[in-house]
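Welcome! Here is a short guided tour for anyone meeting this structure for the first time. Take a look at the sequence and the 3D view, then read on.

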Amino acid sequence: MVRTASTMLPLGTSAPDFSLCDPEGKVVSLHDFDGATALLVVFLCNHCPYVKHIADRFAELAREYQARGVAVVGINSNDYQMYPDDSPQKMRDEIARRGYTFPYLVDETQEVAKAYRAACTPDFFLFDRQRWLFYRGQMDSSRPGNNQPITGADLRRALDAVLEGRPAPEEQWPSLGCNIKWKPGNEPEYFG
């Protein structure tokens with residue numbers, strides 16, 4: 001595990017396109033969410049202690065904001081050949097265990113992670129109705145072992161603002177988690 005922070009992709013960036021499969025082979029694309037008021041893209045995995053720390057509370061938060069018109073999609077970009085706990089079969093188990101109500105997709109080539117400049121799990125990217133980046137960074141300041149409650153405060157502040165047509169939060173802090181497990185030779189140039 002390498003503790004890694006978000007790259008903090010510039011606000012206003014257009015949502016990179018994607019077309020990925022869920023563990024059952026169903027293809028899900030960016031444009032499947034065109035009707036949503038906002039889109040939250042989250043880079044997740046199954047085995048990272050930082051994801052495990054927030055997963056149940058994030059599943060609750062996702063359900064709450066999906067009911068308010070926010071589309072949510074999870075993407076697993078880890079090399080599951082080297083990290084079998086992140087395989088599509090294990091993703092099925094994670095969906096059931098956590099009660100994920102959003103698509104949880106496999107980024108086998110890791111090209112989507114690169115397009116979003118994703119760096120860690122979890123890594124959150126919130127886009128407005130026009131699919132311009134509105135927020136990126138942490139769910140809140142809780143981390144494994146720091147004894148801070150998991151509230152989702154930072155992400156909630158951004159979600160509420162985008163839904164209410166208010167400006168993006170001025171202060172946005174990087175998420176912190178395990179590095180994405182890149183395939184050998186596939187680590188992007190933005191790490192260096």
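The points below go through a helix, a central strand, a small sheet and a few notable residues. Please keep in mind that this is a predicted model.

**Helix α4**

- Let's begin with helix α4, which takes in residues 153-164. Its 12 residues should span 16 Å at 1.5 Å a residue, and the C-alpha atoms at its ends are indeed 16 Å apart, so the expectation and the model agree.
- Which residues of α4 are buried? They are D154, L155, A158, L159, A161 and V162. These residues cover an arc of only 165 degrees around the axis, so they sit on the same side of α4.
- The cover over the buried residues of α4 includes strands β4 (38-43), β5 (70-76), β8 (123-127) and β9 (133-137), together with helix α1 (49-66).
- Just after α4 comes G165, which has a positive phi, near 75 degrees.

**Strand β5 and its neighbours**

- Strand β5, one of the elements covering α4, is itself mostly covered, as 7 of its 7 residues are buried.
- V70, V72, G74 and N76 point one way from β5, while A71, V73 and I75 point the other way; all of them are buried.
- With β4, strand β5 runs parallel, and 6 bridges join the two. One place to find this pairing is at L39, whose bridge partner in β5 is A71.
- Together, β4, α1 and β5 form a β-α-β unit that is right-handed.
- Strand β5 also runs parallel to β6 (residues 104-106), to which 3 bridges join it. Here I75 has L105 as its bridge partner in β6.

**A small open sheet**

- In another part of the model, 3 strands make an open sheet in the order β1-β10-β7, and their pairing is antiparallel.
- Which strands lie at the edges of this sheet? They are β1 (3-5) and β7 (120-121), each of which pairs on one side only.
- Between β1 and β10 there are 3 bridges in the antiparallel sense, and R3 stands opposite C178 in β10.

**S175 and P122**

- S175 is found in the loop between α4 and β10 (176-179). Is S175 buried or exposed? Its relative accessibility is 3%, and the cut-off for buried is under 20%, so S175 counts as buried.
- Leaving aside residues up to four places away in sequence, S175 touches T4, A5, S6, C120, P122, D123, F124, G137, Q138 and R143.
- One of these contacts, P122, is worth a second look: its backbone oxygen lies 2.6 Å from a polar atom of the S175 side chain.
- P122 belongs to the loop between β7 and β8. The peptide bond leading from T121 to P122 is cis, with omega near 0 degrees.

**Two arginines with positive phi**

- R117 lies in the loop between α3 (111-116) and β7. Its phi is near 60 degrees, a positive value in a residue other than glycine.
- R131 lies in the loop between β8 and β9. Its phi, near 65 degrees, is positive too, again in a residue other than glycine.
- How exposed is each one? R117 has a relative accessible area of 30% and is therefore partly exposed, whereas R131 has 9% and is therefore buried.

Technical notes: Residues numbered from 1 in each chain as written. Predicted model: local features only at pLDDT ≥ 70, side-chain atom pairs only at ≥ 80, totals over all residues. Heavy atoms only, no water. Helix = DSSP H or I, 4+ residues; strand = E, 2+ residues; numbered from the N terminus. Expected span 1.5 Å × (residues − 1). Buried < 20%, exposed > 50% of the residue type's maximum accessible area, 1.4 Å probe, protein only. Arc of directions from axis to C-beta. Contact = heavy atoms within 4.5 Å. Pairing = 2+ DSSP bridges. Right-handed = clockwise from strand over helix to strand, strands pointing away. Polar contact = N/O pair within 3.5 Å; in protein donor to acceptor, adjacent residues only side chain to side chain.
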